[in-house]
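Good morning, everyone, and thank you for coming. I would like to walk you through one structure today, slowly enough that we can look at each part on the screen as we come to it.

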Amino acid sequence: MQLRVRPAFITFLGFWLALSCIVGLVLPLWLLVGHADTYSLNGAPATRQDFVAYLKPLLPGFTSLAILSGVTSWAILTERPLGRPLAIVLIVLLVAGPGLSPNSGSPPFSAAWPLELGMTVVVGLPLLWYFYRKKNVVEYYRALKAS
């Protein structure tokens, strides 16, 4: 049996995703249920009804990302091989996601989609290298597969 040592970044990523899952599930509820004296949208004063109406289309996306963060965190921290592709997909979605928002211009892309595509490549390629080419990470996942 091979000794496997989880790389520090993967451990950090697992805990960070767990925290983002908790925040991602609690924050939308807190924003919808909580009450503030003033509201603003894009720097302009708004009523509570306008604020809630703006948030409602975003809730399915927030909830989906929070659940995906939780599943990815679980896969990473319980040493499942599925954590590797899930982490890449989730992080790339987080980078590209703002352009896919229902409130960001004409669907399915915002006006800045070339920049978002570029950012996806800039973030995705190093992630692919890290998870599939970096020696200690590749050895770690090989050891997981062997056990």
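Let me begin with Phe131, which counts as buried because its relative accessibility is 0%, and please keep in mind throughout that what we are looking at is a predicted model. Its partner is Tyr130, which has a relative accessibility of 10% and therefore also counts as buried, since the cut-off for that word is under 20%.

How are the two rings arranged? A pair of aromatic rings is described by the distance of the centres and the angle of the planes. For Tyr130 and Phe131 the centres are 5.3 Å apart and the planes stand at 85° to one another, an arrangement that is called edge-to-face. Another edge-to-face pair is made by Tyr140 and Tyr141, with 5.0 Å from centre to centre and 75° between the planes. Tyr140 is buried, with 3% relative accessibility, and Tyr141 is buried too, at 4%.

If we now step back from the single pairs, we find that ring pairs join Phe9, Tyr130, Phe131, Tyr140 and Tyr141 into a cluster, while a search of the whole structure gives five aromatic pairs.

Let me turn next to the helices. Two packed helices are described by the angle between their axes and the distance between the axes. Helix H1 covers residues 8-33 and helix H2 covers residues 48-55, and their axes come within 10 Å of each other and cross at roughly 155°. Are these two helices roughly parallel or roughly antiparallel? They are roughly antiparallel, because an angle over 145 degrees is counted that way. The crossing of H1 and H2 is left-handed.

Which residues meet there? From H1 come Leu31, Leu32 and Val33, and from H2 come Arg48, Phe51, Val52 and Leu55. Sorted by kind, the residues of this contact comprise six that are nonpolar, none that is polar and one that is charged.

I would like to finish with a single residue, Ser69, which is located in helix H3, the helix made of residues 59-77. Is Ser69 buried or exposed? Ser69 is buried, because its relative accessible area is 4%, and we have already used the cut-off of under 20% for that word. Apart from neighbours within four places in sequence, the residues in contact with Ser69 are Leu17, Ser20, Cys21 and Leu90.

Conventions
Residues are numbered from 1 along each chain as its sequence is written. This is a predicted model: local features need pLDDT of at least 70, side-chain atom pairs count only at pLDDT 80 or more; totals for chains, interfaces and linings use all residues. Side-chain values use heavy atoms; hydrogens and water are left out. Helices (H or I, at least four residues) and strands (E, at least two) are DSSP runs, numbered from the N terminus. Buried means under 20% relative accessible area, exposed over 50%, partly exposed in between (1.4 Å probe, protein chains only). Contact means heavy atoms within 4.5 Å. Axes are lines fitted to C-alpha atoms, for helices over the stretch in contact, and angles run from 0 to 180 degrees between N-to-C directions. Angles under 35 degrees count as roughly parallel, over 145 as roughly antiparallel, 65 to 115 as roughly perpendicular and the rest as oblique. A crossing is left-handed if the near helix is turned anticlockwise from the far one by less than a right angle, and right-handed if clockwise. Ala, Val, Leu, Ile, Met, Phe, Trp, Tyr, Cys and Pro count as nonpolar, Asp, Glu, Lys and Arg as charged, and the others, Gly among them, as polar. Rings of Phe, Tyr and Trp (its six-membered ring) pair if their centres lie within 6.5 Å; planes under 30 degrees apart count as stacked, over 60 as edge-to-face and the rest as tilted.
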